[in-house]
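Q: Could you walk me through the terms used for this protein, and show how each value earns its label?

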Amino acid sequence: MEAALGLEISTLAWCLLTVFCAGFVRGYTGFGFSGLMVTTHALLLPPAEVVPAAFLLEIAASLHMLPFVWREVAWRKVAVLGVGAVLGMPMGLWVLTQLPILEVRLAVYTLVLGFTLLSLKGVQLHNEGGPGLIFGTGVVSGLANGLAAIGGLPVVLLFLATPMAVAASRATLVAYLFAGDVYAIAWSGSLDLLRPEILLRVLVFLIPLGFGVWLGHRRFVTTPPSSFRKFNLGFLLILSNFGLLRTIFL
C-alpha cells in the first residue's frame, strides 16, 4: 500500500491523522480543511502533490455537508464570489507551477493575519458588503486557492466582518468552496497535477475525512454563535501564523 500511495508508513499515518483533524474543523466551521491539510502535509510532501488532493477532498467534504446547509445558502453571494474566483484561480495555479512562491505565500499569509487581527479588534462592516467588495474578495480567494488551497480564508474574513448570520455564512462558504474546488480540479487536471498515486491517496483519505466532518457538524449544531465566531478567528490566527512560520523556516 505504501508503494502504491508513494508514501512511507510514518508519512501515511501523519496524513491520516491530519486529514481527520482538518475534516473536523471543516465540519464545524464550513472552511479550513485545505489550509490545514496543505500546511501540515507540505511539511513532508511537495505542495504540487498536496494541493490537488486537497481540492478533491474539499469537494467530498462539501458533498457531505451540502444537504444539511442547502436552505441557508446565500446563492447570490456565491455567484458573485465565483465570478471573481474564476479570474483569480488560473493566476494562482500558474504561480504554483511556474514561479518561486515563497514571497507570494508570505504576502498571502501576512494579509490573512492582518485582517484577522483587525477582526479581533472589533473592526466590522455596517452591512454585508456590496457587489464590488464581494467580487474583489472572490478574485483574492481564487488566487489564494490556486496558490495554496486556502481560498476560503479571504471569504470567511469578509463574512466575519459583516452582520451576516452564522448559519448563513457557514452554508454559503460550503457552497462556494464546492463550486470553487470543482473549477480548481479542472485546472489541476489540465496542468497534469492529478497523478494516479494522488488519486489513490484521496480514496484512502476519504475515511478519516468523512468521520471528521461528521463529528464537526455535530459539534456545530450544539455551539452558540458567539463561540463559533471566536473559534473561527482563533483558528485563522493560528493558521496564518503557522503558514508564515512554515514559509519562512522550512
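A: Gladly. Let us start with burial: a residue is called buried when its relative accessible area is under 20%. By that cut-off, 51% of the 250 residues of this predicted model count as buried.

Q: What makes Gly151 a buried residue?
A: Gly151 has 2% relative accessibility, and the cut-off is under 20%, so Gly151 counts as buried. Gly151 sits in the loop between H7 and H8. Its C-alpha atom is 9.8 Å from that of Tyr176, a residue 25 places away along the chain.

Q: Why is Arg246 called buried?
A: The relative accessible area of Arg246 is 10%; buried means under 20%, so Arg246 belongs in that class. Arg246 is part of helix H11, which covers residues 225–249. The C-alpha atoms of Arg246 and Ala42 are 9.1 Å apart, although 204 residues separate the two along the chain.

Q: What is the secondary structure of the protein made of?
A: There are eleven helices and zero strands. Read from the N terminus, the order is α-α-α-α-α-α-α-α-α-α-α.

Q: Why is the contact between Arg26 and Glu58 called a salt bridge?
A: The label asks for a side-chain nitrogen of Lys or Arg within 4 Å of a carboxyl oxygen of Asp or Glu. In the Arg26–Glu58 pair the N to O distance is 2.7 Å, so the contact meets the 4 Å limit. A search of the whole structure finds one salt bridge.

Q: What does the pair Arg26 and Glu58 tie together?
A: Arg26 belongs to helix H2 (residues 9–29) and Glu58 to helix H4 (residues 47–69), so the salt bridge links parts that lie 32 residues apart in sequence. Both Arg26 and Glu58 are buried.

Q: How do you know that the length of H2 agrees with its number of residues?
A: H2 has 21 residues, which at 1.5 Å a residue should span 30 Å. The end C-alpha atoms of H2 are 30 Å apart, so the two values agree. The buried residues of H2 include Leu12, Cys15, Val19, Ala22 and Arg26. Just after H2, Gly30 takes a positive phi of about 90 degrees.

Q: How does the span of H4 compare with what is expected, and where does H4 bend?
A: From first C-alpha to last, the 23 residues of H4 reach 31 Å, close to the expected 33 Å. H4 bends by about 30 degrees at Leu63. A proline, Pro67, follows within four residues of that bend.

Q: How do you know that the span of H10 agrees with its number of residues?
A: The 25 residues of H10 should span 36 Å at 1.5 Å a residue, and its end C-alpha atoms are 35 Å apart, which agrees. H10 has a bend of about 35 degrees at Phe205, with a proline, Pro208, within the next four residues. Both Phe205 and Pro208 are among the buried residues of H10, as are Arg201, Leu209 and Phe220.

Q: What makes the second largest cavity a cavity, and what lines it?
A: The term cavity is used for a space where a 1.4 Å probe fits but cannot get out. The structure holds two cavities of 30 Å³ or more; the second largest has a volume of about 40 Å³. Its lining consists of Cys15, Met37, His41, Leu45, Glu49, Val50, Ala53, Arg201 and Phe205. H3, H4 and H10 each supply at least two residues of that lining, and H4 gives the largest share, three residues.

Q: How many residues in the lining of the second largest cavity count as charged?
A: Two are charged, beside six nonpolar and one polar. Asp, Glu, Lys and Arg count as charged, and the lining includes Glu49 and Arg201.

Q: What is known about the largest pocket and its lining?
A: The largest pocket holds about 560 Å³ of space. It is lined by 22 residues, of which Phe115, Thr137, Pro154, Leu157 and Leu158 are the closest to its centre. Helices H6, H7 and H8 each supply at least two lining residues, and H6 gives the most, with eight. By class, the lining of the largest pocket has 18 nonpolar residues, four polar and no charged.

Note on methods:
Residues are numbered from 1 along each chain as its sequence is written. This is a predicted model: local features need pLDDT of at least 70, side-chain atom pairs count only at pLDDT 80 or more; totals for chains, interfaces and linings use all residues. Side-chain values use heavy atoms; hydrogens and water are left out. On a 1 Å grid over the protein atoms alone, a cavity is a set of points where a 1.4 Å probe fits but cannot get out, and a pocket is an open set with protein on both sides within 12 Å along at least five of seven lines; lining residues have an atom within 4 Å of a point. Grid points are joined across faces, edges and corners, and a volume is the space filled by probe spheres set on the points. Buried means under 20% relative accessible area, exposed over 50%, partly exposed in between (1.4 Å probe, protein chains only). The expected span of a helix is 1.5 Å times one less than its number of residues. The bend at a residue is the angle between axes fitted to the seven residues ending there and the seven starting there.
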